[in-house]
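Work through the exercises below with the sequence and the 3D view at hand. Try each task before reading its solution.

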Amino acid sequence: MKKRNEKLILVLLDFFAVNLAFFCYYVFRVHTGWFTIIVQPDFWAPMLVITLYWMAVFVFVGLYRTWFAFSRFDEISTLFKATFVGVFLLFFLVFVDDTSHGVASHSRLLIVYYWFVVFCFVSFFRLLFRAIQRNLLIKGIGCRNTLIVGIGPQAIRIYNEIKNHPGLGLVVTSFLQVDAYQDIEKQGKYYIVPQSGLPANAADLFNSDVMTVEQTTFEEFIENKVIKEIVFAIDSKHDDVIVDLIARCEGRDIGLKIVPSLYEILSGQARTAQLYGIPLIDINPRLMPAWEEKAKRLMDIVVAILILLVSLPVLILASIAIKLDSRGPIFYKQIRCGLNGKPFKILKFRSMRQDAEKSTGPVWSQKNDPRITRTGRFIRKVRIDEIPQMWNVLKGEMSLIGPRPERPYFVEKLSEEIPYYKRRLSVRPGVTGWAQVSLKYDENIEDVREKVRYDLIYIENMSLRMDFKIMLRTVIVVLFGKGHYN
């Protein structure tokens, strides 16, 4: 089942469950005659408000993110915490309303009953959906093609575990022979496709039941076989292979997992997960909780609007100065790589001469760059040229905090020289970032490597606390004219 369809079904089920819970609560509260009713309460308006409230709470806590193959207990546990906190907020609002209208306090106990009904109904429909989904996966409907990296005992054990747990929704379609991977560009005979199961002994893997497939590149193979999951089941001596393959999977809709014994390879960059009792580790997980992601996006929108409104007079003066100082447009648009490598046009005040790269092609800006105009030098120093990027933030192409977006030309060039460079594309790029407030201008490839290291540190430790820290450092950098934004 496609992720979009799964989320749509869950939204519809939650919508129905929340409305059914409110209907049952309303009947219990109003029509049983067990409670004193002074004024007949409305039905439709409160139900609409409450439904929107619960849907917002569920989105905020991440109940509509993909729960592929995760324990149903984890999902219900998250639902329990979400409904508990949601009802606590409702309890507070009802308390304020009752106090202002002089209503007896015992009526607030009904909130507890309402919470129980909401939790039970939403849990029931979600568990029903998961049961149906699991049965479909067992029948082979909606499964994800899986590549196991390695052909040793660990690989055979993982293969057997996956085969014995069809509810995972994983179907092992091929293996990668790591020893031959080093000659990937030379011979390429390293993919093994099971035909009728695998032998228990890894030494007998190459027999009549399997076939070796020749492919030119790793990327071509995963495209042709429609690989959606990769499980690394190899020894730590092959850590270079793991790093290389992970880099090749950047920007692709592919889940990456590794057996626990290899956890030390990517210490601090992986989070453990239980898949129906099979201990595996997710590589490159979403480290920021769902509620923090929503809060981060809300903060982006609010701060961007405030900056645009407060700086409006400055923007007008800067526009006039740019137009009077040199020929060319006021704003400068340039293609940059955004989230998952998706290109977008970044918007900045023009600070260089028009067609500054016409004769040189794409080059990095330098300290005391001769292409920068007089006005451009000033607006760069006080960071006014970055303000128009608030429009990119409002459109969702950028965030206030994140790795600076780079041009596609440099992304491809640097990806060849710096391992893990494309991992920067796994998060929304930012107007400012940890690297920008910590380091100086880029003058050589080593400076770029250092900034990438800082970007990866940010990605691995993303949090609202980290964002607030960077915002504070950014204010200091702007006030004292330090740092660099490219």
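## Exercise 1: the two sides of H5

In H5, the buried residues are Ala-155, Ile-156, Ile-158, Tyr-159 and Ile-162; buried means under 20% relative accessible area, exposed over 50%, and partly exposed in between, with a 1.4 Å probe and protein chains only. The model is predicted, so local features need pLDDT of at least 70 and side-chain atom pairs pLDDT 80 or more, while totals for chains, interfaces and linings use all residues. Residues are numbered from 1 along each chain as its sequence is written, and side-chain values use heavy atoms, with hydrogens and water left out.

Task: find on which side of H5 the buried residues lie, and which residues are exposed on the other side.

Solution.
- Step 1. The buried residues cover an arc of only 165° around the axis, which puts them on the same side of H5. The arc is that of the directions from the helix axis to the C-beta atoms.
- Step 2. Pro-153 and Asn-164 are exposed on the other side of H5.
- Step 3. Check the length: H5 (residues 153-164) has 12 residues, which at 1.5 Å a residue should span 16 Å, and its end C-alpha atoms are 16 Å apart, in agreement. The expected span is 1.5 Å times one less than the number of residues.

Helices here are DSSP runs of H or I with at least four residues, strands are runs of E with at least two, and both are numbered from the N terminus.

## Exercise 2: the two sides of H15

Task: state which residues of H15 are buried and which exposed residues the opposite face carries.

Solution.
- Step 1. Leu-464, Met-466, Asp-467, Ile-470, Thr-474 and Val-477 are the buried residues of H15.
- Step 2. Their arc around the axis is only 145°, which puts them on the same side of H15.
- Step 3. Turned away from that buried side, the face of H15 carries the exposed residues Arg-465, Leu-472, Leu-479 and Phe-480.
- Step 4. The 17 residues of H15 (residues 464-480) should span 24 Å at 1.5 Å a residue, and the end C-alpha atoms are 24 Å apart, which agrees.
- Step 5. In the loop between helix H14 (445-460) and H15 sits Ser-463. Ser-463 has a relative accessible area of 18%, so it is buried. Leaving out residues up to four places away in sequence, Ser-463 touches Met-288 and Glu-292; contact means heavy atoms within 4.5 Å.

## Exercise 3: helix pairs

Two packed helices are described by the angle between their axes and the distance between the axes.

Task: describe how H9 packs with H10 and with H2, and how H10 packs with H11.

Solution.
- Step 1. The axes of H9 (residues 290-310) and H10 (residues 312-325) come within 4 Å and cross at roughly 60°. That makes H9 oblique to H10. Axes are lines fitted to C-alpha atoms, for helices over the stretch in contact, and angles run from 0 to 180 degrees between N-to-C directions. Angles under 35 degrees count as roughly parallel, over 145 as roughly antiparallel, 65 to 115 as roughly perpendicular and the rest as oblique.
- Step 2. Leu-308, Leu-309 and Val-310 of H9 meet Leu-312, Pro-313 and Leu-315 of H10. By class, this contact has six nonpolar, no polar and no charged residues. Ala, Val, Leu, Ile, Met, Phe, Trp, Tyr, Cys and Pro count as nonpolar, Asp, Glu, Lys and Arg as charged, and the others, Gly among them, as polar.
- Step 3. H2 (residues 44-61) and H9 have axes that come within 6 Å and cross at roughly 105°. H2 and H9 are therefore roughly perpendicular. Val-59, Phe-60 and Val-61 of H2 meet Ala-290, Trp-291, Lys-294 and Ala-295 of H9. The residues of this contact divide into six nonpolar, no polar and one charged.
- Step 4. H10 and H11 (residues 374-381) pack at about 150°, with axes 8 Å apart. That makes H10 roughly antiparallel to H11. Ala-321, Ile-322 and Asp-325 of H10 and Arg-374, Thr-375 and Ile-379 of H11 make the contact.

## Exercise 4: one residue in H4

Task: state whether Trp-115 is buried or exposed, and which residues Trp-115 touches.

Solution.
- Step 1. Trp-115 is found in H4 (residues 110-138).
- Step 2. With a relative accessible area of 17%, Trp-115 is buried.
- Step 3. Not counting residues up to four places away in sequence, Trp-115 touches Phe-80, Thr-83, Phe-84 and Val-87.
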